[in-house]
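Thanks for making the time this morning. I would like to walk through the charged side-chain pairs in one structure, and then say a few words about a single strand residue.

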Amino acid sequence: VHGDSSRFETTGTPMAAPLTRRVRRAFSDAKSSPEHGVAIEGEFAPDELAGFVAQLMVSKKVLQVVLSKNALGFEGADALARALGSSSITSLTLTENNLGCDAAEALAAVLSSSLITTLNLSKNFIGDDGAEALALALASSPITSLDLSKNAFKARGVAAIARSLASSRLSTLSLRANVLGVEGAASIARALNASGVTSLDLGYTKLDAGGVDALARELPSTQVATLDLTGNSLRVEGAEAL
């Protein structure tokens, strides 16, 4: 068990939960950190996540949270989501936590009531459904930087993200290592000129010359200043289009 959401009442208020040594140390370190950040790597022990979330809700000075390789899954993400609305967090990184689409949906549901401007959900296999849920939340959230690298979504998820760009506050977007292809590239390309995106990472997204050409046609009318196409088959045609 990595996170026990039954330790939360329906109001979202945490019940008493013990603080392990590494959780106490992480919050103690945050007090002296210029970034006011809490970072914990590695799987949570039973009940440890409940203590972490309870502390998070009362620690108003914590602005950044980095949880990587904690095996949060849905229950852990759902418990964490309940704390976001009452926390001061502006930056949340949940890299490689086996979240899946249900956890992405739980997080998306609370983004509009949070202060989060930077969200990193890379390597979590949220799929097309998770991407769609997050896309719907972008318009009403304060997020300006979104990292969805390596999340196993394809054209449908990419199209949902593309549709949300114009109404979002995003300036930095990473879709690295998801499958875009020509269709996904075209949907992103069409959406860029109505967006505020200035940095776009499409590395390793299986783009070919056709996808690159679709991007190249739209780039002059966008605000994109940084574009990463590493690991794609641009060929001569794609390079010439750029």
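Before I turn to the pairs, I need one cut-off: a residue is called buried when its relative accessible area is under 20%, exposed when that area is over 50%, and partly exposed in between. Please also keep in mind throughout that what you see is a predicted model.

Let me begin with R22, which at 22% relative accessibility falls between those limits and therefore counts as partly exposed. The side chain of R22 meets that of E48 in a salt bridge, with 2.8 Å from N to O. This pair links distant parts of the chain, since R22 sits in helix α1, residues 21-32, while E48 belongs to helix α2, residues 48-58, and the two are 26 residues apart. E48, for its part, has a relative accessible area of 5%, so this residue is classed as buried.

How many salt bridges are there by this rule? The count comes to eight, and I will pick out a few of them.

The pair D78 and R82 forms a salt bridge in which the closest N and O atoms are 3.4 Å apart. Here the spacing is that of a helix: both residues lie in helix α3, residues 73-84, and because they are four residues apart, about one helical turn separates them. As for their surroundings, D78 counts as buried at 15% relative accessibility, whereas R82 is partly exposed, with a relative accessible area of 33%.

Next comes R176, which forms a salt bridge with D228, the closest N and O atoms being 3.3 Å apart. This pair again links distant parts of the chain, with R176 in the loop between β6 (172-174) and α7 (181-192), D228 in strand β8 (residues 226-228), and their positions 52 residues apart. R176 is partly exposed at a relative accessible area of 23%, and D228 is likewise partly exposed, at 26%. Elsewhere, salt bridges with shared partners join D128, D129, E132 and R156 into one network.

Finally, let me leave the charged residues for V66, which lies in strand β2, residues 64-68. V66 is partly exposed, its relative accessible area being 32%. Which residues does V66 touch, if we leave out those up to four places away in sequence? They are V38, A39, I40 and T93. By contrast, the C-alpha atoms of V66 and D213, which are 147 residues apart along the chain, are separated by 37 Å.

Notes
Residues are numbered from 1 along each chain as its sequence is written. This is a predicted model: local features need pLDDT of at least 70, side-chain atom pairs count only at pLDDT 80 or more; totals for chains, interfaces and linings use all residues. Side-chain values use heavy atoms; hydrogens and water are left out. A salt bridge is a side-chain nitrogen of Lys or Arg within 4 Å of a carboxyl oxygen of Asp or Glu. Buried means under 20% relative accessible area, exposed over 50%, partly exposed in between (1.4 Å probe, protein chains only). Contact means heavy atoms within 4.5 Å.
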